[in-house]
Amino acid sequence: MTETLALGGGCFWCTEAVYVQVRGVTDVESGYGNGHTVSPTYEEVCTGRTGHNEVVKLVYDPTQVSTRELLEIFFVIHDPTTRNRQGHDVGTQYRSGIYFTTPEQAEVARALIAELTADQAFDQPIVTEVLPLSQYSAAEAYHQDFFENHPDQGYCLAVAAPKVAKFKKTFARLVRG
C-alpha cells in the first residue's frame, strides 16, 4: 500500500531531483497544487494569480520510508523560513508547503514543525503551510525529470545539484541503492 504527499519547496525541478533519489519513493511528479483554478499552465502559475504552488507529488511505500523521514529531508533541502521565496525564486508559487492526503500525515508534519521550532533549528520562524492537497494538476511534460534530462543546465548546476549532494550526504541511509 502506498501513500501520496505533495511538497512545495521552491522550484519543483530541485525538489524532484532530490526525491527521485529516495528509497521507497515510487513516483515523483512535478505539478501545481493548492490554487484556485483548474489545470493551470506554467505561464499562468508564474503570474502568481492562480494561487498555485510548484509542488512535487510523491507516491511512497511507508514500509520503506516514513512520512517523517520525507519531511526531515524536506526541511534540510529548502528554507522553510522565507515566505514566498526560495533563493532567487520569488512569488507565491515558491512558498513552503506540505500538502497532505491523510490526517496522519498532517499530524506528523505539525509535530515535526513544533519540534523544529522548540529546538530552534532555524534562526527565523517556520512559515511552512500544512494543508490538504487540493486543485492538483501535473506540470507540463518538459518539467518532468528536468534535472535528470538537463544536468548541465545552469539552474540545475547552481541550485538543484547542491540540494541533491546535501541530501546524499545528510541522508545516506535513505539514498536509493
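This passage walks through the fold, the strand pairing, the aromatic rings and the cysteines of a predicted model.

Starting with the overall picture, the chain contains six helices and eight strands. Going along the sequence, these elements come in the order β-α-β-α-β-α-β-β-β-α-β-β-α-α. The radius of gyration is 15 Å, which agrees with the value near 16 Å for a compact globule of 177 residues. Along the principal axes, the C-alpha atoms take up a box of roughly 35 × 35 × 30 Å. Of the 177 residues, 47% are buried. About 8,400 Å² of the chain is exposed, and 54% of that area comes from carbon and sulfur atoms. Long-range contacts feature heavily too: counting contacts between residues at least 6 apart in sequence, 77% join residues at least 24 apart.

Strand β3, spanning residues 53-60, makes a good entry point to the sheet pairing. Seven of its eight residues are buried, so β3 is largely enclosed by the rest of the structure. Strand β1 (residues 3-9) pairs with β3 in the antiparallel sense through five bridges, and here threonine 4 has valine 59 of β3 as its bridge partner. Strand β2 (residues 25-33) also runs antiparallel to β3, with eight bridges joining the two. In that pairing, glycine 33 is matched with asparagine 53 of β3.

Turning to the aromatic residues, the count comes to five ring pairs. One of them is formed by tryptophan 13 and phenylalanine 146, which are stacked with 3.6 Å between centres and 5° between planes. This pair ties together distant parts of the chain, since tryptophan 13 belongs to helix α1 (residues 12-19) and phenylalanine 146 to helix α5, 133 residues apart. Both rings sit on buried residues: the relative accessible area is 13% for tryptophan 13 and 8% for phenylalanine 146. Phenylalanine 167 and phenylalanine 171 give another stacked pair, because their centres lie 6.1 Å apart and their planes meet at 25°, under the 30 degrees that stacking calls for. Phenylalanine 167 is buried at 0% relative accessibility, and phenylalanine 171 is buried as well, at 6%. Ring pairs also bring Trp13, Phe146 and Tyr155 together in a cluster.

Tryptophan 13 turns up again in the surroundings of histidine 143. This histidine is found in the loop that runs between β8 (137-138) and α5 (146-149). Loop or not, histidine 143 counts as buried, with a relative accessibility of 1%. Leaving aside residues up to four places away in sequence, histidine 143 is in contact with Phe12, Trp13, Glu16, Ser30, Tyr32 and Tyr42.

As for the cysteines, the structure has zero disulfides. Cysteine 14 is unpaired, and the nearest cysteine sulfur, belonging to cysteine 11, lies 4.5 Å away. That separation does not qualify, because a disulfide would need the two sulfur atoms within 2.5 Å. Cysteine 14 is also buried, at 1% relative accessibility. For cysteine 156, the closest cysteine sulfur is that of cysteine 14, but at 7.0 Å it is too far for a bond. Cysteine 156 is buried too, with a relative accessible area of 0%.

Notes: Residues are numbered from 1 along each chain as its sequence is written. This is a predicted model: local features need pLDDT of at least 70, side-chain atom pairs count only at pLDDT 80 or more; totals for chains, interfaces and linings use all residues. Side-chain values use heavy atoms; hydrogens and water are left out. Buried means under 20% relative accessible area, exposed over 50%, partly exposed in between (1.4 Å probe, protein chains only). Helices (H or I, at least four residues) and strands (E, at least two) are DSSP runs, numbered from the N terminus. Two strands pair if DSSP finds at least two bridges between them. Contact means heavy atoms within 4.5 Å. Rings of Phe, Tyr and Trp (its six-membered ring) pair if their centres lie within 6.5 Å; planes under 30 degrees apart count as stacked, over 60 as edge-to-face and the rest as tilted. The radius of gyration is taken over C-alpha atoms; the globule rule is 2.2 Å times the number of residues to the power 0.38. Accessible areas come from the Shrake-Rupley method with a 1.4 Å probe; for residues, only the protein chains shown count as cover.
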